[in-house]
Amino acid sequence: MREKGIQLLKGFAQFLDRISSFACAFMLGTMTLAVLAGVVFRYVFLNPLGWTEELSRYLMIWTASLAISVGIYHGEHIGLTFLPDRIRGRYPKLVLNLGVNLLILLFLTVMLVYSLNMVRDAKFQIAQSLPISMVIPSLAIPVTMGLAMVQNLIQIALLLLGREPDSGRVRNVDV
């Protein structure tokens, strides 16, 4: 039964990662097309489009924010490896990993709480050149922080169950 629960957690994390990765790719492609259209219309047709810069800015915010949960799933968020590289033993490493994941969870929680106030304040604002409410761009932070919290909680649960996530975690890049 425990193995089935672990597989369900891993499967759910992978499902969320695939959706997030696809959304990131789609938004990045759309942002690229918007910027390209803005450049072509400004410099080729000499008739600039006013909305391309704003759309690309909002898409960039959504993409970068959504990529946080992808980074958590793959274990590719930024980190210093000085201490983890020197710790020996399974339990000290487990304690360190749990501590780091709990700090990440605390940060995501703070971001979620404060971003909800930002969304509430954006309720009566309209974007400058796009006919949309500023709630849509403002939702990027609480939605993606919530998604990152779910991925982080799954990582914590897997660590507590004694399983390392199957996501190719902890790929260190030495520069």
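Lys 93 touches Pro 84 and Ile 87, leaving out residues up to four places away in sequence. This contact is taken from a predicted model, and the rest of the description rests on that predicted model too. Lys 93 sits in helix 4. Is Lys 93 buried, partly exposed or exposed? Its relative accessibility is 37%, so Lys 93 counts as partly exposed. Another residue to find from here is Leu 83, which is ten residues away from Lys 93 in sequence. In space, the C-alpha atoms of Lys 93 and Leu 83 are 9.8 Å apart.

Helix 4 covers residues 90-121, and it leads on to the nonpolar cores. The largest nonpolar core has eleven residues, among them Ile 72, Leu 98, Ile 104 and Ile 141. Two elements, helix 4 and helix 6 (140-160), each give two or more residues to this core. Which helix gives the largest share? That is helix 6, with six residues. Met 145, Ala 148, Met 149, Ile 156 and Leu 159 are also members of this core, as are Leu 105 and Leu 108.

Met 149 can be followed through its contacts. Setting aside neighbours within four places in sequence, Met 149 is in contact with Leu 105, Leu 108, Thr 109 and Leu 112. A second core, separate from the largest one, has nine residues. Cys 24, Met 31, Trp 62 and Leu 147 are included in this second core.

The next topic is a pair of helices. Two packed helices are described by the angle between their axes and by the distance between those axes. Helix 1 spans residues 2-43 and helix 2 spans residues 52-74. They pack at an angle of about 155 degrees, and their axes are 8 Å apart. Because angles over 145 degrees count as roughly antiparallel, helix 1 is roughly antiparallel to helix 2. The crossing of helix 1 past helix 2 is left-handed. What kinds of residues make up the contact of helix 1 with helix 2? There are 16 nonpolar residues, ten polar ones and one charged one.

The last stop is the loop between helix 1 and helix 2, where Leu 46 lies. Leu 46 is not a glycine, yet it has a positive phi of about 55 degrees. Its relative accessibility is 68%, and Leu 46 therefore counts as exposed. Lys 93, by contrast, counts as partly exposed.

Notes: Residues numbered from 1 in each chain as written. Predicted model: local features only at pLDDT ≥ 70, side-chain atom pairs only at ≥ 80, totals over all residues. Heavy atoms only, no water. Axes fitted to C-alpha atoms, helices over the stretch in contact; angles between N-to-C directions. Helix = DSSP H or I, 4+ residues; strand = E, 2+ residues; numbered from the N terminus. Parallel < 35°, antiparallel > 145°, perpendicular 65-115°, else oblique. Left-handed = near helix turned anticlockwise from the far one by under 90°. Nonpolar A, V, L, I, M, F, W, Y, C, P; charged D, E, K, R; others polar. Core = buried A, V, L, I, M, F, W, Y, C linked by side-chain atoms within 4.5 Å. Buried < 20%, exposed > 50% of the residue type's maximum accessible area, 1.4 Å probe, protein only. Contact = heavy atoms within 4.5 Å.
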